[in-house]
Each structure stands twice: as structure tokens, then as C-alpha cells.
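Biologist: I am new to this structure and would like to go through it with you. Could we put it on the screen and begin?

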Amino acid sequence: MNELERHVEKLFRHQPDTPETQELREEILSNLQAKREDLLAQGMDERAATEAAKRDIPSVDGLIDDQQTTNVERYRMACAQTVWLHCILFWIGTLPLLFTGYGWLGTVGLGLSVLSGVGYLLFWLLHPVMQGTRSLAGARRRKSMAWRIWGVFYAVAALSVAAMTFGSNLWYGTPVTIEGPYQWAVMASRFYVPLLTVLIPLTVSRFAALLPQYRVEG
Amino acid sequence: MKQKNVRIFLLMLVTFLVYWFLNYGVVAELQLRRSIYEHAQTSAYFHNIQEILPYRSPYLGDASNTGNLFYHLPLHQYPMTFAIEPETCTLTVHYDTAAETTEQVRENLAYNTLAAMAAIDNLQCIQYEFQDGTYCITRQQVEKRFDVPLSALLDDTEQWEKATQHEIFLGTVLAEWFPMEIDTPCSSDSQQV
């Protein structure tokens, strides 16, 4: 794979693999290769010609119609199933916390798993047959936004926990003393609890990944 | 999708079984043991002297250390406040309740006195203030009961148990240190205020 092919591959990294995008991918690659040949013919060296050709098409977002006709009914069911699965994963994540002061999160995990399971079952029983359009770019934006918000949240949460746990040691210059495995576990659990919220951006990411799978052709 | 549903349901079922076993089996058992242990710490008979070892100190002046020491000794379930007189190295423990002069409370007071004097090297006198009177015990009174320095009792758990068994639980010091009547004044030779 040459450099221009790698560039085109990168441009289409987040696009669904459909006949239309395949055709567009080939067309763009051939245009870039033609551009590069022109520049080489004008006397430009190979590297500069490749870079100039790459600069010609830096993104394909404007070239692809991101509105996808979607089987909304099945897409929503898949999303509901994802929520159910992720609630169970959250619940599993809370099991080690039963031995710490955060044991109540196990009950929260149980409640969320049962509620999301019942919600999914209702979807399964009552789902209306419907189609509609969904924006792929919108789904990608939501995914990107979810990760950014979560990143900021976890950074703030982890720093706050670190400040509360080690603040006085830092201020007075005293050594941090953690005696025994239980105290280690208690300290680690303070950082681990906010980490469990990573399932939120993972869920939003999964929604974005599911969307192309429920595309309706024609 | 149906197959995936079945797999997710099985995962939920297994998680529920593990959760049930951990929460209502392992954790409940640990909590019960912890609760029994904590209850045992309110009695001199069952108190684990290792609990106070982190609070050993040569000086009485560290109020936080002294408070922590008493919060890890029997009678810690009663609200109490502390006062320290640095000139006389006297510690006053004020209980906001009337003295229950039962044998069990008096034994706990005797045990606490021995533990505090063994843990804090320059503690010369302890006063236990109740709403209806005060007990006052001096280091001299305690030391004359033992052949070894009081702090040495904490170095060896067996020695500690022997000392408390002989001197406190067999009742030989109770009548002298903590008599039933507590309304007489305290002096260096007497036990009461």
C-alpha cells in the first residue's frame, strides 16, 4: 500500500463500507494519483508531489451524504440491547466494591440491569415497524463528545480524589502510609468508582458503531 | 439477536448468583464477625490490646493521640471529652453520664487505667469524671501492683493478659481503685473526688 492509498484509507476510516463509498474511495484515489503524476511531470520531487496531492483532499466529510436510511426499529432494539448488556457489565464491575464502603453500588447495578432488561423486553414486545433517516456524522459527533466529556469528568474526579487522599501529606510534606491490602483496596476503590462511568461513552460509541449495520438499501 | 439475548440473559443470571453469594454470604459473614469483634472491644474481658499499640507515646501532651487511645478502649461507646493538665500530667476523662458502679464498668475503668498508663509514659494521674462523682487514680497506685514497668506490659500480650487477669478480673484492685461510693474528695492517696 503506497502513501496515497494509506491516505485514502485514513479518509474513509469512519465511513460505512457501502457500494457508494467504495466507488467514491476509488475515484478519489485515482484523482490523487493523477494529481501526483501531473506535479511530477511539472518537475516537483516525489515526496513534495505526494504531500501536495494529499493536501488537495484532506477530508471526505463534505463529499458523503451522511444521512442514512435506517431500520430505526431494529436499530433502537440493538441500542436497547447494548444498554442492557452495559448495565450488566457495570453491575459486574461493582462486585469487588461489595467489600468496601461502596457496596451500595452493587444494588444500583442490580437495579439498572433489571430495569434495562425490562425496558428491552418491552421494546421487543411493542416495537413499531418504522424506517427513518439517521445521521452517521451526528452519531460520530455524539461519540466524540461523550469521550471528551467523560475524559474531563474522570480527570477532575481522579484529581479531586488524589487531593482529598494525599492533600495533607503533600501540604505538610509527610510520607503517605498505607497499611495492608485492605487499605490499598479502599484507596484504589476511590479511583475505581468514577472509572466505572466509562461505560457511558462506551455505550454511545457502540450506538455509533451499530448505526451502519442497520442501513436500508435502496 | 435472539442468540445474543440468551447469552446476555445467562450473563445476568450468573452475575446475579455471584452477587447473591458475595453480598448475602461472604460480606454478611464478614460484617457479622466485624460486629461481634467491635462489640467485644467494649468489654475489658474480650478487648484486643493490640488495638491501642499505635497510640503508645512517651508524652501525654498529644491530645489527638490520647483521644484515639481512649476511643480504642472499653467504654468508648459512651460520649466523652478530655482535659489535660500538663503541669501535673493529669488526664481528665469526662463522661456525660452518671457513674454506673456495676462491677463490669469498674472493671472496664480499671482496665482502661492500666492500658493508658502503660501506653503513655508520663501520665501520672487519671480522673474519670461522671455526673455524680469522680474517680482519681495515680500512677503510684497502679505501679505498686506490678513487678515490671507498666510500659513493659504492652510489649508482651501474654504478660498483659496475665496482669489483667490477676489484678483486674479477679477483683483485687477494684475495691481500692474504684469503690462503689464515689462521692469523696480525691487526693494523692485516695481514689475518689
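Biologist: Which elements of chain B have the lowest and the highest mean pLDDT?
Modeller: Among the elements of chain B, helix α7 (residues 174-177) has the lowest mean pLDDT, 77, and helix α1 (residues 2-40) has the highest, 93. Here pLDDT is the predictor's confidence in each residue, from 0 to 100, and helices are DSSP runs of H or I with at least four residues, numbered from the N terminus.

Biologist: Over which residues of chain B is the pLDDT below 50?
Modeller: That applies to residues 187-193 of chain B, a stretch that has 31 contacts in the model beyond near neighbours in sequence; contact means heavy atoms within 4.5 Å. Where pLDDT is low, the predicted coordinates should not be read in detail. Chain B averages a pLDDT of 85, and 90% of the residues score at least 70.

Biologist: What ground rules apply here?
Modeller: This is a predicted model, in which local features need pLDDT of at least 70 and side-chain atom pairs count only at pLDDT 80 or more, while totals for chains, interfaces and linings use all residues. Residues are numbered from 1 along each chain as its sequence is written, chains are lettered from A in the order in which they are written, and side-chain values use heavy atoms, with hydrogens and water left out.

Biologist: How many residues of chain A are in contact with chain B?
Modeller: On the chain A side there are 21, and they are in contact with 17 residues of chain B. The buried area, meaning the accessible area (1.4 Å probe) that the two parts lose on being put together, summed over both, is about 1800 Å², and carbon and sulfur atoms give 80% of this area.

Biologist: Which residues of chain A lose the most area to chain B?
Modeller: They are Q81(A), W91(A) and L98(A), together 30% of what that side buries.

Biologist: How many salt bridges does the rule find across that interface?
Modeller: It finds zero between chain A and chain B, with a salt bridge defined as a side-chain nitrogen of Lys or Arg within 4 Å of a carboxyl oxygen of Asp or Glu. Over all chains, the search finds nine.

Biologist: Where do R25(A) and E9(A) lie?
Modeller: The side chains of R25(A) and E9(A) meet in a salt bridge at 3.3 Å, N to O. R25(A) lies in helix α2 (residues 19-41) of chain A and E9(A) in helix α1 (residues 3-11) of chain A, so the pair ties together parts that are 16 residues apart in sequence.

Terms used:
Helix = DSSP H or I, 4+ residues; strand = E, 2+ residues; numbered from the N terminus.
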